[in-house]
Amino acid sequence: MEEFKKQILKNLEANGFPAKKVSLPTEKMYEVADNKGLSLNKVLEELKADEGLSYDIGDDKIVFAKVVVDESNFPNLNPEMMKKAQEMMAGMDPAELQKMQEQIQNMSEEEREEMLKQAKSMGLF
């Protein structure tokens, strides 16, 4: 599986990833995974968890994007909390993620601190 994950990452990087979103053909990806005796869905989940990738599987293509958390928005977030936030964001729908990022950018420092306190109290960090 590691070999296939590396191959996917190499193909993505060859097409401008992570600086831009990259798509790969859905049917071909499933075929290659199947020929290797792998579950593409499982491979994608591991890439999401290990590499912070987000993906959207469509009929024709799988669109990959890198989940990026702007650390300057959360100066008091320790590295483990930052990793957890990125993992959570990797599972979000791209449109939902974009909306959330815009909301966070428009928050005041006090609002961000309050949101961080709420997340901690809910056991998210």
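**Exercise 1. Work out how β2 and β3 are joined and paired, starting from the pairing sense and the number of bridges.**

Step 1. In this predicted model, β2 and β3 run antiparallel to each other and are paired over 5 bridges.

Step 2. For one concrete pair, take Leu 53: its bridge partner in β3 is Lys 66.

Step 3. Now look at the connection. β2 and β3 make a hairpin, with 3 residues between them.

As background, strands of a sheet pair through backbone hydrogen bonds, in either a parallel or an antiparallel way.

**Exercise 2. Find the strand order of the sheet and name its edge strands.**

Step 1. Begin with the other pairing of β3 (residues 61-66): β1 and β3 are antiparallel and share 4 bridges. Within this pairing, Val 22 has Phe 64 as its bridge partner, and Pro 25 stands opposite Lys 61.

Step 2. Put the strands in order. The result is an open sheet of 3 strands, β1-β3-β2, with antiparallel pairing.

Step 3. Read off the edges: β1 (22-25) and β2 (53-57) each pair on one side only.

Step 4. Add the twist. On average, neighbouring strands of this sheet are turned by 25° against each other, direction ignored.

**Exercise 3. Describe how helices α1 and α2 sit relative to the sheet.**

Step 1. Take helix α1 (residues 2-14), which packs on the sheet and touches β1, β2 and β3. The direction of α1 makes about 125° with that of β1.

Step 2. Turn to helix α2 (residues 26-35). This helix lies across β1, β2 and β3, and runs at about 65° to β1.

Step 3. Place both in the chain as a whole. The secondary structure comes to 6 helices and 3 strands, and along the sequence the pattern reads α-β-α-α-β-β-α-α-α.

**Exercise 4. Sort the side chains of β1 by the face they point to, and say which are buried.**

Step 1. Recall the general rule: in a regular strand, side chains alternate between the two faces of the sheet.

Step 2. Apply the rule to β1. Val 22 and Leu 24 point to one face and are buried; Ser 23 and Pro 25 point to the other face and are not buried.

Step 3. For context, 31% of the 125 residues of the chain count as buried.

**Exercise 5. Decide whether Thr 26, Ser 54 and Glu 51 are buried or partly exposed, and list their contacts.**

Step 1. Thr 26 is found in helix α2. Its relative accessible area is 7%, so Thr 26 is buried, given that buried means under 20%. Setting aside residues up to four places away in sequence, Thr 26 touches Ile 57, Gly 58, Asp 59, Asp 60, Lys 61 and Ile 62. The Thr 26 side chain also reaches the backbone nitrogen of Ile 62 at 3.4 Å.

Step 2. Ser 54 lies in strand β2. With a relative accessible area of 4%, Ser 54 is buried as well. Beyond residues up to four places away in sequence, Ser 54 touches Val 63, Phe 64, Ala 65, Val 67 and Ala 90.

Step 3. Glu 51 belongs to helix α3 (residues 40-51). Here the relative accessible area is 33%, so Glu 51 is partly exposed. Leaving out neighbours within four places in sequence, Glu 51 is in contact with Leu 9, Glu 46 and Lys 66.

Step 4. Check one distance yourself: the C-alpha atoms of Glu 51 and Val 67 are 9.0 Å apart, while the two residues are 16 residues apart along the chain.

Step 5. Widen the view to the chain. Among contacts between residues at least 6 apart in sequence, 60% join residues at least 24 apart.

**Exercise 6. Characterise the second largest pocket by its volume and its lining.**

Step 1. Start with the idea behind the search: rolling a probe the size of a water molecule over the atoms shows where empty space is left.

Step 2. Give the volume, which is about 190 Å³ for the second largest pocket.

Step 3. Name the lining. There are 13 lining residues, and Lys 21, Ala 65, Lys 66, Leu 97 and Gln 101 lie nearest the centre of the pocket.

Step 4. Assign the lining to elements. β3 and α5 (94-105) each supply at least two residues, and α5 gives the most, with 4 residues.

Conventions: Residues numbered from 1 in each chain as written. Predicted model: local features only at pLDDT ≥ 70, side-chain atom pairs only at ≥ 80, totals over all residues. Heavy atoms only, no water. Pairing = 2+ DSSP bridges. Axes fitted to C-alpha atoms, helices over the stretch in contact; angles between N-to-C directions. Contact = heavy atoms within 4.5 Å. Buried < 20%, exposed > 50% of the residue type's maximum accessible area, 1.4 Å probe, protein only. Polar contact = N/O pair within 3.5 Å; in protein donor to acceptor, adjacent residues only side chain to side chain. 1 Å grid on protein atoms, 1.4 Å probe; cavity = no way out; pocket = protein on both sides within 12 Å on 5 of 7 lines; lining within 4 Å. Points joined across faces, edges and corners; volume = space filled by probe spheres on them.
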